[in-house]
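Biologist: Thanks for sitting down with me. Could we go through this model together, one question at a time?

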Amino acid sequence: MPERAVSEFLDWLSADQLPAPLAPALHDWLYVDKGSLTRRLTELADGAFSVIPLHQAWQPLRADECLALGVPAASEGWVREVYLCGHEQPWVFARSVAPRAQLEAAGLDLQSLGNRSLGELLFSDPAFARGQLEACHYPPQWLPQAQRVDGLWARRSCFRQNRLGVLVAEVFLPALWRAAAVTP
Ligand SMILES: C=C(O[C@@H]1C=C(C(=O)O)C=C[C@H]1O)C(=O)O
């Protein structure tokens with residue numbers, strides 16, 4: 001399916017919009033823990049945590065992203081896709097996006113982050129407030145080839161500082177659920 005067609009039907013749901021309750025451990029990872037995922041994974045991995053950048057570029061943002069950020073459809077933004085790894089295994093695929101105009105107005109440089117965690121940056125700056133968490137089953141065609149599985153749980157939320165929004169989506173990969181002993 002072409003990317004545009006997926007994006008228009010993607011249904012991100014807040015906890016109170018879920019049609020049925022989730023298992024408590026899954027609910028906790030998706031909706032309850034609003035702290036830094038970087039920190040949670042670092043603890044779970046006993047410190048053996050790393051960020052592997054996969055793709056970073058200026059490009060038109062997806063329809064569901066523009067909607068969540070409140071910018072016109074197909075606005076250009078910075079796209080950062082990474083693996084968050086425990087013991088060098090990809091545990092989470094994260095895609096973070098921010099509109100170009102607001103990034104430049106805020107003077108925030110995401111291009112030089114490299115393999116440092118965006119989470120550390122967002123959580124160390126008290127000016128950023130996290131919006132509500134929403135979850136969905138992530139379209140497999142948006143995942144790196146090696147992780148293309150149907151029905152993986154993802155969550156997203158927007159970190160806002162004045163007019164700037166940074167939308168962070170995190171897709172929980174099977175290796176994470178094994179490490180955390182959770183049945184998704
Ligand atoms: C939002 C956080 O940041 C994480 C780190 C990211 C990165 O380095 O690109 C991306 C998304 C998040 O999963 C967090 O740690 O909670």
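**Walking through the predicted model**

Modeller: Gladly! Keep in mind that this is a predicted model. Let me begin with Glu170, which has a relative accessible area of 6% and is therefore buried.

Biologist: Which strand does Glu170 lie in?

Modeller: Glu170 is buried. The element that holds Glu170 runs over residues 164–172, and this is strand 7.

Biologist: Which residues does Glu170 touch, if we skip those up to four places away in sequence?

Modeller: Contact here means heavy atoms within 4.5 Å. With residues up to four places away in sequence left out, the partners of Glu170 are Leu37, Val92, Phe93, Ala94, Arg130, Trp153, Ala154 and Arg155.

Biologist: Which residues does UniProt list for "binding site"?

Modeller: The entry is an unreviewed one, and Glu170 is among the residues that UniProt lists there. The full "binding site" list in that record is Arg80, Leu118 and Glu170.

Biologist: Are those residues spread out or clustered in space, and what is the largest C-alpha distance?

Modeller: In sequence they are spread over 91 residues. In space they cluster all the same, with a largest C-alpha distance of 12.2 Å.

Biologist: Which of these residues does the lining of the largest cavity include?

Modeller: A lining residue has an atom within 4 Å of a cavity point. Of the residues listed by UniProt, the lining of the largest cavity includes Arg80, Leu118 and Glu170.

Biologist: How much space lies in the largest cavity?

Modeller: The count comes to 3 cavities of 30 Å³ or more. For the largest cavity, the space comes to about 180 Å³.

Biologist: Which residues of that lining are the closest to the centre of the largest cavity?

Modeller: The lining of the largest cavity has 18 residues. By class, these are 10 nonpolar, 5 polar and 3 charged residues. The closest to the centre are Thr38, Leu118, Gly119, Val168 and Glu170.

Biologist: Which helix gives the most to the lining of the largest cavity?

Modeller: Helix 3 (37–44), strand 2 (76–86), strand 3 (89–99), helix 6 and strand 7 each supply at least two residues. The element that gives the most supplies 4 residues, and that is helix 6.

Biologist: Is Leu118 buried or exposed?

Modeller: Leu118 sits in helix 6, which covers residues 118–124. Leaving out residues up to four places away in sequence, Leu118 touches Arg80, Ser96, Leu110, Leu113, Val166 and Val168. The relative accessibility of Leu118 is 7%, so Leu118 counts as buried.

Biologist: How many charged residues are in the lining of the second largest cavity?

Modeller: The second largest cavity holds about 60 Å³ of space. Its lining includes Trp12, Arg62, Asp64, Tyr138 and Trp142. Helix 4 (63–69), strand 3 and strand 7 each supply at least two residues of that lining. By class, the lining of the second largest cavity has 6 nonpolar residues, no polar ones, and a charged count of 5.

Biologist: Which helix gives the most to the largest nonpolar core?

Modeller: Of the 24 residues in the largest nonpolar core, those that touch the most other members are Trp29, Leu30, Leu41, Leu84, Val92, Phe172 and Leu176. Helix 2 (24–32), helix 3, strand 1 (49–60), strand 2, strand 3 and helix 7 (174–180) each supply at least two residues of this core. With 4 residues, the one that gives the most is helix 2.

Biologist: With which residues is Leu176 in contact, leaving aside neighbours within four places in sequence?

Modeller: Leu176 is among the core residues that touch the most other members. Leaving aside neighbours within four places in sequence, the contacts of Leu176 are Trp29, Leu41, Leu44, Trp91 and Val92.

Biologist: How far apart in space are Asp33 and Leu133, C-alpha to C-alpha?

Modeller: Asp33 lies in the loop between helix 2 and helix 3, and at 26% relative accessibility it counts as partly exposed. Among the residues that Asp33 touches is Leu133. The two are 100 residues apart in sequence, and their C-alpha to C-alpha distance is 9.6 Å.

Biologist: Where is Glu88, whose phi is positive although it is not a glycine?

Modeller: The phi of Glu88 is about 70 degrees. Glu88 has a relative accessible area of 68%, so it is exposed. Its place is in the loop between strand 2 and strand 3.

Methods
Residues numbered from 1 in each chain as written. Predicted model: local features only at pLDDT ≥ 70, side-chain atom pairs only at ≥ 80, totals over all residues. Heavy atoms only, no water. UniProt positions renumbered as here; feature names shortened; annotations may be inferred. 1 Å grid on protein atoms, 1.4 Å probe; cavity = no way out; pocket = protein on both sides within 12 Å on 5 of 7 lines; lining within 4 Å. Buried < 20%, exposed > 50% of the residue type's maximum accessible area, 1.4 Å probe, protein only. Points joined across faces, edges and corners; volume = space filled by probe spheres on them. Nonpolar A, V, L, I, M, F, W, Y, C, P; charged D, E, K, R; others polar. Core = buried A, V, L, I, M, F, W, Y, C linked by side-chain atoms within 4.5 Å.
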